[in-house]
Amino acid sequence: MAAAILGEFGAEVIKIEQPRGGDPLRRFGVPSVEADDTFCWMSEARNKKSVTLDLRRSEGADILRELVAKSDIVCENFRPGTLENWGLGYEELSRINPALIMLRVSGFGQDGPYSARPGFARIAHAFGGLAHLTGMEGGPPLTPGSTSLADYVSGVYGALGILLAMRARDTDGKGQYIDLALYEPILRMLDDLVPAFAARGIVRGRQGLGTSNACPHGHFETRDGWIAIACTNDRMFTRLAAAMGRPELAEQELYGTTAARLRDSAKVDALVQDWVGAMCTDDIVALCADQDVPCARVNTIENIFADPHIAHRQNQVALPHDELGQVHVSSVIPKLSRTPGAVDSLGPTLGSSNADILGSVLGMDEGKMRSLRAAGII
């Protein structure tokens, strides 16, 4: 994800894969049937060039070292110590290229008592505290939407770390490495849980459809779906009460203050649910928009494809594919006014850039590449 973000804004990204089978992401997610790779690979390996190298072989490691000498950034997400065992850790690579910036993403970070443990996004959600907060009160901890959420958020933080390191390098010419554990961005995004526990011993649990910080602030069922309403201050609740045809609810002696609504949140939510439950989703979203009440449909991906605002914002882009015709993927964010990014290509076929990179960048001739292929090194 970190490399994909940089690639969207012009970086040349070389994806190093095992010669036999390639990256496991090629087989993760919904299969495309007509093509060898999944839709997940097509989307997340966007704008990348695939080069095959067996890094466990000395010849493959040597080729990587040659590429590092000509590169700005290396991104890796092996378990800590793996690259060091192959002679490809940061210390060695930085001797080859002192300006090198290296992003290292792992389950639990490069050091600490858990650093050797394997980790995936689901483990990060659990360890970082998010899974405990997700679900209905009294129920089990649930998956917070995408099982890959921590991967995506770590990718964004990883790209940010790379850009910060590049800015520092602009001043002194020196590279550095970025140590990022998958759980750390999750932990960073837990509202005020850290200071609240440290100061008061508060352990927040699952809150179901709402939240303990504002009311009404949650999900409500309509006649034909679900909506979200977020009244985070008294003015918003006054507008909601007017939209409900119950302006008296916002009077000071009833629910005109956040404190009063939180004290009687179950009753306030029930009043809103009774009102919402009698209406269709489109009607209530339109009414709330007219009254300036924060509200949105709880979208399925089908709703997203049909939404005119998402179409106007060009949040999806279709790219050509040899077997599938066109494949839709999410488009580039953020939107830069002067130097916008672009999705130029879907995830590449395995080894499709071997000749380009090894020949054009490293000057390797076809005979050498044939021998490397025959030996299973590329």
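Is Val33 buried or exposed? In this predicted model, Val33 is exposed, with a relative accessible area of 71%, and the close-up views below take up this residue together with other local features.

**View 1. Val33 and Gln314, two residues other than glycine with positive phi.** The phi angle of Val33 is near 70°, and the residue lies in the loop between strand 1 (13-17) and helix 2 (39-44). Gln314, which is not a glycine either, has a positive phi of about 55°; its place is the loop between helix 16 (308-312) and strand 9 (316-321). Gln314 is exposed, since its relative accessible area is 57%.

**View 2. Cis peptide bonds that precede Pro216 and Pro334.** Cys215 and Pro216 are joined by a cis peptide bond with an omega of about -10°, and Pro216 sits in the loop between helix 10 (193-200) and strand 6. A cis peptide bond also joins Ile333 to Pro334, here with omega at about 0°, and Pro334 belongs to the loop between strand 10 (325-330) and helix 17 (354-361).

**View 3. The second largest pocket and its lining.** The volume of the second largest pocket is about 450 Å³. Its lining is made up of 17 residues, of which Gly208, Leu209, Gly210, Thr211 and His219 are the closest to the pocket centre. Strand 6 (217-221) and strand 7 (226-230) are the elements that contribute two or more residues to this lining, and the largest share, 3 residues, comes from strand 6. Sorted by residue class, the lining holds 4 nonpolar, 11 polar and 2 charged residues.

**View 4. Aromatic contacts around Tyr114.** The structure holds 7 aromatic pairs. In the pair formed by Tyr114 and Phe127, the ring centres are 5.8 Å apart and the planes stand at 75°, so the arrangement is edge-to-face. This pair links distant parts of the chain, with Tyr114 in the loop between strand 4 (101-106) and helix 6 (121-127) and Phe127 in helix 6, 13 residues apart. Tyr114 counts as partly exposed at 32% relative accessibility, and Phe127 likewise counts as partly exposed, at 41%. Both rings belong to one aromatic cluster, formed by Phe108, Tyr114, Phe127 and Tyr183. Arg117 lies over the face of Tyr114, at 3.8 Å from the ring centre.

**View 5. Cysteines without a disulfide partner, shown at Cys75 and Cys288.** The count of disulfides in the model comes to 0. For Cys75, the closest cysteine sulfur is that of Cys40, and because the two sulfurs are 17 Å apart, they are too far from each other for a bond. Cys288 is in no disulfide either, and the nearest cysteine sulfur, in Cys295, is 4.0 Å away, whereas a disulfide would require the two sulfur atoms to be within 2.5 Å. As for accessibility, Cys75 counts as partly exposed at 37%, while Cys288 is buried, with a relative accessible area of 0%.

**View 6. Leu180 in strand 5 and its spatial relation to Gly107.** Leu180 is found in strand 5 (residues 176-181) and counts as buried, at 10% relative accessibility. Although 73 residues separate Leu180 from Gly107 in sequence, the C-alpha to C-alpha distance between the two residues is 8.4 Å.

Key
Residues are numbered from 1 along each chain as its sequence is written. This is a predicted model: local features need pLDDT of at least 70, side-chain atom pairs count only at pLDDT 80 or more; totals for chains, interfaces and linings use all residues. Side-chain values use heavy atoms; hydrogens and water are left out. On a 1 Å grid over the protein atoms alone, a cavity is a set of points where a 1.4 Å probe fits but cannot get out, and a pocket is an open set with protein on both sides within 12 Å along at least five of seven lines; lining residues have an atom within 4 Å of a point. Grid points are joined across faces, edges and corners, and a volume is the space filled by probe spheres set on the points. Helices (H or I, at least four residues) and strands (E, at least two) are DSSP runs, numbered from the N terminus. Ala, Val, Leu, Ile, Met, Phe, Trp, Tyr, Cys and Pro count as nonpolar, Asp, Glu, Lys and Arg as charged, and the others, Gly among them, as polar. Buried means under 20% relative accessible area, exposed over 50%, partly exposed in between (1.4 Å probe, protein chains only). Rings of Phe, Tyr and Trp (its six-membered ring) pair if their centres lie within 6.5 Å; planes under 30 degrees apart count as stacked, over 60 as edge-to-face and the rest as tilted. A charge sits over a ring if NZ of Lys or CZ of Arg is within 6 Å of the ring centre and within 35 degrees of the ring normal.
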